[in-house]
Amino acid sequence: MRNDRTVADPIAAGLFNLDPWQAAIGLPLADYAEAILPADRDEFFTNIDRVSEHGGLFVGEYRVCSEASGVRWVLARGYYERDDSTGDVVGRGIVVNTTESKLKRPVGDRAFFILHRNEPPLERLASCALQARRTIDEVGEHERPALRPAVDALLWAVGRVLAKRGCF
């Protein structure tokens, strides 16, 4: 992502509806994001922003749409390093078309997480708990009442500890 340039091979370029020659040189991340379905785009950018801020491991599963292939599921995994002195973020990763295996799994079975290298543990815990809370909201109505109080209690506990430390 250095200088907002993301490089891809011809197969990945095809998934994102991009010219393979231009993708080999590097295109802005926004060009790739145009192929991400609007319903998945906000969460994608939220997680990319976190990686840009802290560095670390990014794993995300989302849908893309291309003229040649239609809607496809992809799994992206990359590790990003942030140079604190310049603010540059440099990373390497892969994008895998997981459509065939995705069609054989439950609809809600979806990966999206990041491991932060430089983020303090309690802040990382708060981020993970918030992600869990959002995921519980997607769970069926039958399971939700048993899960929501547990994650809410965790969020309250983490919030109290962060507040005592003056992190807000």
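This note goes through the confidence, the salt bridges and the largest pocket of a predicted model.

1. Basis of the values. The model is predicted, so local features need pLDDT of at least 70 and side-chain atom pairs count only at pLDDT 80 or more, while totals for chains, interfaces and linings use all residues. Residues are numbered from 1 along each chain as its sequence is written, and side-chain values use heavy atoms, with hydrogens and water left out.

2. Confidence. The chain has an average pLDDT (the predictor's confidence in each residue, from 0 to 100) of 80, and 87% of the residues score at least 70. Among the helices (DSSP runs of H or I, at least four residues) and strands (E, at least two), which are numbered from the N terminus, confidence is highest in helix α2 (residues 20–25), at a mean of 95, and lowest in strand β4 (residues 112–116), at 52.

3. First salt bridge. Counting a side-chain nitrogen of Lys or Arg within 4 Å of a carboxyl oxygen of Asp or Glu, the model has 2 salt bridges. One of them joins R63 and D40, with an N to O distance of 2.8 Å; it links distant parts of the chain, since R63 lies in strand β1 (residues 56–66) and D40 in helix α4 (residues 38–54), 23 residues apart. On a scale where buried means under 20% relative accessible area, exposed over 50% and partly exposed in between (1.4 Å probe, protein chains only), D40 is buried at 1%, and R63 is partly exposed at 22%.

4. Second salt bridge. E100 pairs with R72, their closest N and O atoms being 4.0 Å apart, and this pair also links distant parts of the chain, from helix α5 (residues 99–102) to strand β2 (residues 70–82), 28 residues apart. E100 is exposed, with 52% relative accessible area, whereas R72 counts as buried at 18%.

5. Largest pocket. A pocket here is an open set of points on a 1 Å grid over the protein atoms alone, where a 1.4 Å probe fits, with protein on both sides within 12 Å along at least five of seven lines, and lining residues have an atom within 4 Å of a point. The largest pocket has a volume (the space filled by probe spheres set on the points, which are joined across faces, edges and corners) of about 630 Å³. It is lined by 29 residues, of which T6, V7, G93, I94 and V95 are the closest to its centre. Strand β3 gives the most to this lining, with 7 residues.
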